[in-house]
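Colleague: Before I rely on any of the labels attached to this model, I would like to hear the reasoning behind them. Could we go through them one at a time?

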Amino acid sequence: MDAKKKEPLLRVVKHAELSRGQSIGLRVLAVLLALVVGGLFIACIGYNPFEIYGAIISGCFRSPMAIQSTVKFCIPMCISALGVTLAFKMKFWNIGGEGQLIMGAVFASFFALFCSGMPHFLLLAVMFIAGFIGGGLWGLIPAVCHEKWGTNETLFTLMLNYIALYIVAFLRDGPWRDPEAAGFNKIARFDANAMLDKVFGVHAGWIIMLVLVVLVSIYLNKTKHGYEIGVVGESRDTARYAGINVKRVVLRTMFLSGGIAGIAGMVQATGSDITLSTGVAGGVGFTGIIIAWLAQLNPYVSLLISAAFSILVKGSSVVQSSYGLSTDCAEVLQGIILFFIMAMEFFIRYKIVFRGHKEKRPALKETPAVPGKEADNA
């Protein structure tokens with residue numbers, strides 16, 4: 001009786017691993033449930049859910065300009081997701097993609113503002129490398145502190161986001177302030193020489209994104225460094241026993257993680273914004289964390305989920321202009337979808353057991369009796 005009283009009403013138990021088909025089916029079910037609940041929300045505020053959903057989809061593909069805009073939304077989200085994927089694979093919780101993206105944009109913007117006389121392609125190459133280094137160094141700081149003093153990487157990387165944001169504000173209001181902007185603090189617009197070229201109507205950032213997807217996938221799955229990242233993520237003690245230099249792996253991986261996010265900042269500043277501002281990241285770094293998690297750290301799936309997010313973001317602006325629906329409603333829809341998907345991820349791994357429920361265990365097979373001497377003689 002005492003044991004039953006102490007037993008909780010509900011328990012979370014990790015169940016046997018589901019098959020690939022079952023996992024995919026549950027995730028599809030989560031999306032369908034999210035769409036149903038999202039439709040109920042739309043109906044409650046007085047709109048036809050089918051019309052709104054149709055406007056979101058058609059609004060992204062109704063014209064070449066709309067498609068180009070959708071792709072522009074996808075680029076920084078996907079690259080940011082690729083950056084945190086490396087760190088998360090190592091179970092180093094890098095929440096600083098936002099700050100690393102900003103610092104990549106800052107480093108690249110220096111050359112765009114003060115070295116714009118360089119040859120075009122040389123300038124872009126220098127800005128690309130500068131963005132990578134800027135984001136990489138910003139990602140290296142928490143890694144060094146974590147390995148040397150055991151600091152909490154989650155809080156450290158999160159706080160660095162705000163420091164990076166205020167660095168941009170300082171540059172905007174001080175050293176890099178546009179002298180021609182009378183009475184308004186802003187950084188000057190980049191020269192055409194420092195802008196990313198357009199390919200099929202969209203800046204070349206989409207090519208960089210696709211190349212990074214392939215490279216990150218190869219790096220994680222086909223190289224020794226990728227293998228070391230996986231081993232360190234599973235168990236640092238095992239990695240050390242196998243002769244892997246854990247500290248070196250952590251520092252190297254965090255530099256690469258921040259560097260990829262820095263490339264997203266360079267692309268955003270020189271391809272979309274054509275300047276540096278405090279809105280250069282715009283929450284993309286945090287969205288990249290969600291995308292990487294939903295993609296189960298698969299670069300190719302991250303690309304698909306980024307495309308889905310960009311459709312929702314672009315479609316919401318179309319709905320706002322066509323139906324007068326607030327963009328906050330799009331945020332609510334996005335939240336509903338994420339809620340259901342994350343909840344389903346929980347049920348893919350765990351199940352809830354009620355008090356008194358007994359786990360069914362497979363029956364043990366009877367062991368055949370050992371024949372006696374009489375049988376042997378027979």
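Modeller: Let us start with burial, since a residue is called buried when its relative accessible area is under 20%, exposed when that area is over 50%, and partly exposed in between. This is a predicted model, and by that rule buried residues make up 43% of the 378 residues in the protein.

Colleague: What else describes the protein as a whole?

Modeller: The protein has 15 helices and four strands, and its C-alpha trace spans about 105 × 60 × 45 Å along the principal axes. About 20,600 Å² is exposed, of which carbon and sulfur atoms supply 66%. Of the contacts between residues at least 6 apart in sequence, 78% join residues at least 24 apart.

Colleague: Why is phenylalanine 200 called exposed?

Modeller: Phenylalanine 200 has a relative accessibility of 74%, and the label requires a value over 50%, so phenylalanine 200 counts as exposed. This residue sits in the loop between β2 and β3, and its phi is near 60°, a positive value in a residue other than glycine.

Colleague: What makes glycine 201 partly exposed?

Modeller: Glycine 201 also belongs to the loop between β2 (198–199) and β3 (202–203), and its relative accessible area is 26%. Because partly exposed covers the range between the 20% and 50% limits, glycine 201 takes that label at 26%. The C-alpha atom of glycine 201 is separated by 24 Å from that of tyrosine 300, a residue 99 places away along the chain.

Colleague: Is isoleucine 274 buried or exposed, and how do you know?

Modeller: The relative accessible area of isoleucine 274 is 4%; as buried means under 20%, isoleucine 274 is therefore buried. It lies in the loop between α11 (246–273) and α12, and isoleucine 274 has a positive phi of about 55° although it is not a glycine.

Colleague: How do you know how many disulfides there are?

Modeller: A disulfide needs a pair of cysteine sulfur atoms within 2.5 Å, and by this rule the count comes to zero. For cysteine 60, the nearest cysteine sulfur is that of cysteine 74, 11 Å away. For cysteine 74, the nearest is that of cysteine 78, at 5.6 Å, so with a limit of 2.5 Å cysteine 74 is in no disulfide. Cysteine 60 is buried, with a relative accessible area of 0%, and cysteine 74 is buried as well, at 6%.

Colleague: Which residues of helix α4 can you take me through in the same way?

Modeller: Alanine 66 is found in helix α4, and with a relative accessible area of 5% against a limit of 20% alanine 66 is called buried. Leaving aside neighbours within four places in sequence, alanine 66 is in contact with Gly59, Cys60, Phe61 and Lys314. The C-alpha atoms of alanine 66 and glycine 315 are separated by 9.4 Å, although these residues are 249 apart along the chain. Threonine 70 is in helix α4 too, and threonine 70 is buried at 6%; with neighbours within four places again left out, its contacts are Cys60, Ser310, Ile311 and Lys314.

Colleague: Why is threonine 287 called buried?

Modeller: Threonine 287, in helix α12 (residues 284–294), has a relative accessible area of 17%, and since the label asks for a value under 20%, threonine 287 is buried. Not counting residues up to four places away in sequence, threonine 287 touches Met77 and Phe309.

Colleague: What makes a set of residues a nonpolar core?

Modeller: The members must be buried residues of nonpolar kinds, joined through side-chain atoms within 4.5 Å. The largest nonpolar core has 74 residues, and those with the most contacts inside it are Met90, Val106 and Leu276. Helix α4 (residues 64–89) gives the most to this core, with 11 residues. Leucine 276, leaving aside its neighbours within four places in sequence, is in contact with Ala105, Val106, Ser109, Val168, Trp176, Ile187 and Phe190. Apart from the largest core lies another, of 11 residues, among them Ala55, Leu312, Leu325 and Cys329.

Terms used. Residues are numbered from 1 along each chain as its sequence is written. This is a predicted model: local features need pLDDT of at least 70, side-chain atom pairs count only at pLDDT 80 or more; totals for chains, interfaces and linings use all residues. Side-chain values use heavy atoms; hydrogens and water are left out. Helices (H or I, at least four residues) and strands (E, at least two) are DSSP runs, numbered from the N terminus. Buried means under 20% relative accessible area, exposed over 50%, partly exposed in between (1.4 Å probe, protein chains only). Contact means heavy atoms within 4.5 Å. Accessible areas come from the Shrake-Rupley method with a 1.4 Å probe; for residues, only the protein chains shown count as cover.
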